[in-house]
Amino acid sequence: MKFIRVAECYSKLEELSGRLEMIDVLKRLFLEARPDEAEKIAYLTLGKIAPDYEGLELGLGEKLALRAISIASGVSDQIISKEYKKIGDIGKLAEWAVGKRPSLFGKEELTLDRVFNSLIKIAKATGSDSQDIKIRTFAGLLSDSEPIEARYIARIVMGRLRLGVQDMTLLDALAEAYLGSRERRSLLEEKYNIYPDIGRIARAVAEKKEKGLEEIDVTLGVPIRPMLAQRVKSADEVIERIPKMYAEHKYDGERMQIHIWRDGRVKLFSRRLEDITAPYPDVRDALKAFVGRDMILDAETVAVNPDTGEILPFQELMHRRRKYGVEEAMEQYPAVTYVFDVLYLDGKSLINLPLRERRRILEEIVPKEGNIREVIYKEIDGNLQELEAFFEEAVEKGMEGLVIKDPNSRYQAGTRGWNWIKLKRSYISKMIEPVDLVVVGAFMGRGKRAGTYGALLMAAYDPKEDKYKTVCKMGSGFTDEDLSRLPEIFKPYITEVRDPSVESKIEADVWFQPKIVLEVIGDEITLSPVHTCGFNSIRKGSGLAIRFPRFTGRWRDDKGPEDATTEDEIIQMYKSQLKEIKEEEKIKEEAA
Ligand code: ATP
């Protein structure tokens, strides 16, 4: 196929805005293509040359692109750059420049194959002469281009095609061209969800129609589009929708689809299907324990505080995305991966089995402890109180809430349906004011914090009962110097047993007389079954906790323990936070 045919089609698509007309134009283009050409058209139309998960990037730098346009057209660099500022679109610039080319030399007509192969060459060029290769290859294409071809080639090379064609429009066009009707798109979509490579799908249907699709199945190394969850506001609604459920902890980390080959190779994919193996060498190494079988697991990876075992907020994990910070981040914030699903095992796709079955298999292959472990979950049968209690317990442990799943459901790749429901703690409001809390106990540190305390047990004051009631465990915000001095500072206050004025459901490693007051800031206040502050005041059987508490660095030596923030103040803060959340929700609903 001549590339001019593709360029003309793109030009038409640019003029059209109706989806049906676009589908029709694309369908006709597909019908003229050989199967291998259909594959190339499918990628190019989305501005790609390969599926995203292969990470093959085109995006040529602007400078190089301008240089190539100058070489191919004979227009000087200065004029090209002046004209670019005027036109502002690399495609139109290339079109204009190519039009200025002296027509002395004969040119070779461009084919789709040549354009595509050159683009691959540009993307794959590496090493010291890679810039040169990229410029020469791009300039070579432009030298043989008609102006309209140059427009699209330049845009694709720069990663700026934007024809307004989405994946689903393309699938519609493929369905019309090769399966006879748009109605049959779902057949393609189903495959695309488990094998999100539009080129492969296009080639398969172009070659063998429906039969071609039968050959496409869950494959190691090809990420499956993730199943997503619907959202509800209350636990009641969860019970209405899924009375018999698996209630799973909802970890606030990074979604991770894990592909393991029996020979030890491992690939990790993000929610957006990018290959994220590089920033997680520790996860990859921990997965070595699974070698010997081929499998695909669905999981969430979180960062933990190695001293306290506390799960850290999502941002901490993101340090790893900084290019050079992986080693450091790994040490500072080791990763634990919670596996909640198994999608493939030893050559067989498991996605059509009910979750209950998949869970049974998962439990055989993934341990309950260690750095790669099974998700914590509970089977609940329509009991609201049980669900609420489990939810609070999860939030208390640093979870975002729960994901509720129907044990009878299959894995619906790429779908946000009602078989998965997320019940999240309200996270909209931030705790703006710091509080002053009394140190009542400590937990011994591990790893880097061996020999000192890993976390302190903090309490608010209840003047009515003259009691100190726990509200959080705090392990963050200390300078190294503060940290190393903690045992020395608290030594005079150590007591053999818990002071009778301290009310705690948690057993500390060391107890202190309530004396020292520290200023603490947290993200918000949540219900908690394990802390005694505000116990039974908001909900029966629950107290209040400060989530993600951090030391602000201020030792409130100017305050005695009775001057600390009171239990009532914490209750009030919780209530006003709730009011704020409700108002925010109302505003959001009105805006929607
Ligand atoms: P979504 O992924 O639903 O579009 P989002 O990216 O904002 O929305 P959330 O609303 O927080 O994410 O909820 C879904 C995400 O929760 C999943 O994509 C996954 O990363 C994470 N998650 C944590 N624990 C679990 C679990 N046990 N089961 C499924 N997903 C979980």
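How far does a polar side-chain atom of Glu 300 lie from an oxygen atom of the ligand? Select Glu 300 together with the ligand in this predicted model, and the distance between those two atoms comes to 2.5 Å. Keep the ligand displayed and add Arg 271, where a polar side-chain atom likewise lies 2.5 Å from an oxygen atom of the ligand. Then add His 249, whose contact comes from the backbone, with an N or O atom placed 3.0 Å from a nitrogen atom of the ligand. If you switch on a surface at this point, bear in mind that the protein covers 83% of the 610 Å² of accessible area that the ligand has on its own.

Next, widen the selection to the whole shell of 17 residues around the ligand, of which Lys 250, Arg 271, Glu 300, Arg 416 and Lys 422 come nearest. Colouring this shell by class gives 10 charged residues, six nonpolar ones and one polar one.

Now turn to the strands behind the shell. Strand 2 (244-250), strand 10 and strand 11 each supply at least two of the shell residues, and strand 11 gives the most, with four.

Select strand 11 (residues 416-424) and follow its pairing on to strand 1 (residues 228-231), which runs parallel to strand 11 and is joined to it by four bridges; here Leu 228 has Arg 416 as its bridge partner. Strand 10 (residues 401-405), by contrast, runs antiparallel to strand 11 and is joined to it by five bridges, and in this pairing Val 403 is the bridge partner of Lys 422. Finish by showing Arg 416 and Lys 422 with the ligand, since both are among the residues that come nearest to the ligand.

Technical notes. Residues are numbered from 1 along each chain as its sequence is written. This is a predicted model: local features need pLDDT of at least 70, side-chain atom pairs count only at pLDDT 80 or more; totals for chains, interfaces and linings use all residues. Side-chain values use heavy atoms; hydrogens and water are left out. Two strands pair if DSSP finds at least two bridges between them. A residue is near a molecule or strand if one of its heavy atoms lies within 4 Å of it. A polar contact is a pair of N or O atoms within 3.5 Å; within protein, one must be able to donate a hydrogen and the other to accept it, and residues adjacent in sequence count only if both atoms are side-chain atoms. Accessible areas come from the Shrake-Rupley method with a 1.4 Å probe; for residues, only the protein chains shown count as cover. Ala, Val, Leu, Ile, Met, Phe, Trp, Tyr, Cys and Pro count as nonpolar, Asp, Glu, Lys and Arg as charged, and the others, Gly among them, as polar.
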